[in-house]
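Work through the exercises below with the structure open beside you. Try each task before you read its solution.

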Amino acid sequence: MPYPTKTYSFSKKICIGESPKFILNGTVLYKFLPMNTQTDTELSPADVDNQQGQKLTDSSEIGNQILDKLDHLQSGLDSLGDIFEQRLTYDKEKEKAFDLLYTELQALKENSAFDSVKPLYLDLILLLDRVESIKESITDDKIENRSDSIKNILTSVSEEVLEILLRQQIEVIQTVSGTPFNPSCQKAIQTQETDVESENNKVFSIVRRGFHYGNRILRPEEVIVSKYHRA
């Protein structure tokens, strides 16, 4: 950076005050020394202690403010967690209620549709009973050389009726003689005495087949039940 200049008619070194000046060929060159802008002031021990105490106080206040903000943030997070948990519980209960309502409506719809066609199914079952009864009543001495062919026809009709019922999810109640009597799907129309105690209240024989539609009994199975009597 060029120094400020002033022209004189002689050449020599001049010092004025604290700033030395150099004159070269009638030109005054000013060279300013850097000034010390900092002032070192000695503090007493009491002042030092006061400053340190003030710093500790300020730090403590800042720490307390940070802790207060953290506590406030934690409270907000806890409240948000409670709201989320309540919302989740509400959604689960609502979904459960809708599922239950849908199941009940679906069952009502199915039951209503089934009840409307139930008489038709019962008529088919009666037709099946009639065909089976006719087939069992045919003997060779009544119809010469034609009993087998007629029985085959009746058997075919019986199987076709069973197939129609099966396609509508109506099935025969499967029971074996000697199994315990089940009043929920069986109807005892007769009893048979037995002297064997272990056979008491068991199915002795099946008189007429029963049918069910899912868990609903369309017609109970008619059976003869064994009853124990001490000899």
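**Exercise 1: A salt bridge and its surroundings**

Task: describe the salt bridge that Arg 208 forms with Asp 129.

Solution. Step 1: take the distance. The closest N and O atoms of Arg 208 and Asp 129 are 3.7 Å apart. A salt bridge here is a side-chain nitrogen of Lys or Arg within 4 Å of a carboxyl oxygen of Asp or Glu.

Step 2: place the partners. Arg 208 is in strand β7 and Asp 129 in helix α1, so the pair links distant parts of the chain, 79 residues apart. Helices (H or I, at least four residues) and strands (E, at least two) are DSSP runs, numbered from the N terminus.

Step 3: check the exposure. Arg 208 is partly exposed at 28% relative accessibility. Asp 129 is buried, with a relative accessible area of 18%. Buried means under 20% relative accessible area, exposed over 50%, and partly exposed in between (1.4 Å probe, protein chains only).

A note on the model: it is predicted, so local features need pLDDT of at least 70 and side-chain atom pairs count only at pLDDT 80 or more, while totals for chains, interfaces and linings use all residues. Residues are numbered from 1 along each chain as its sequence is written, and side-chain values use heavy atoms, with hydrogens and water left out.

**Exercise 2: More salt bridges**

Task: find which parts of the chain are tied together by Glu 132 and Arg 209.

Solution. Step 1: the closest N and O atoms of this salt bridge are 3.8 Å apart. Step 2: Glu 132 lies in helix α1, and Arg 209 in the loop between β7 and β8, so the pair ties together parts that are 77 residues apart in sequence. Step 3: Glu 132 is buried at 18% relative accessible area. Arg 209 is partly exposed at 27%. Step 4: look for a network. Salt bridges that share partners join Asp 129, Arg 208, Arg 219 and Glu 222 into one.

Task: do the same for Arg 216 and Asp 115.

Solution. Step 1: their side chains meet in a salt bridge of 3.1 Å, N to O. Step 2: Arg 216 is in strand β9 and Asp 115 in helix α1, 101 residues apart. Step 3: Arg 216 is partly exposed at 29% relative accessible area, and Asp 115 is partly exposed at 41%. A search of the whole structure finds seven salt bridges.

**Exercise 3: Two sheets**

Task: what is the strand order of the open sheet with mixed pairing?

Solution. Step 1: the order is β6-β10-β7. Two strands pair if DSSP finds at least two bridges between them. Step 2: the edge strands are β6 (186–194) and β7 (203–208), each pairing on one side only. Step 3: count bridges. β6 and β10 are parallel over eight bridges. β7 and β10 (residues 221–228) run antiparallel, joined by four bridges. Step 4: pick out partners. In β10, Val 225 is the bridge partner of Thr 191 and also of Val 203. Ser 205 has Ile 224 as its partner in β10. Step 5: judge burial. Six of the eight residues of β10 are buried, so this strand is largely enclosed by the rest of the structure.

Task: which strands stand at the edges of the open sheet β5-β8-β9?

Solution. Step 1: the pairing in this sheet is antiparallel. Step 2: β5 (170–172) and β9 (216–219) are at the edges. Each has a single partner strand, so one side of each is left without a neighbour in the sheet. Step 3: three bridges join β8 (residues 211–213) to β9. One partner pair is Phe 211 with Arg 219 in β9.

**Exercise 4: A side chain in β6**

Task: is Gln 186 buried or exposed?

Solution. Step 1: Gln 186 lies in strand β6. Step 2: Gln 186 is buried, with a relative accessible area of 5%. Step 3: the side chain of Gln 186 makes a polar contact with the side chain of Thr 175 (3.2 Å). A polar contact is a pair of N or O atoms within 3.5 Å; within protein, one must be able to donate a hydrogen and the other to accept it, and residues adjacent in sequence count only if both atoms are side-chain atoms. Step 4: a polar atom of the Gln 186 side chain lies 2.8 Å from the backbone nitrogen of Asn 182.
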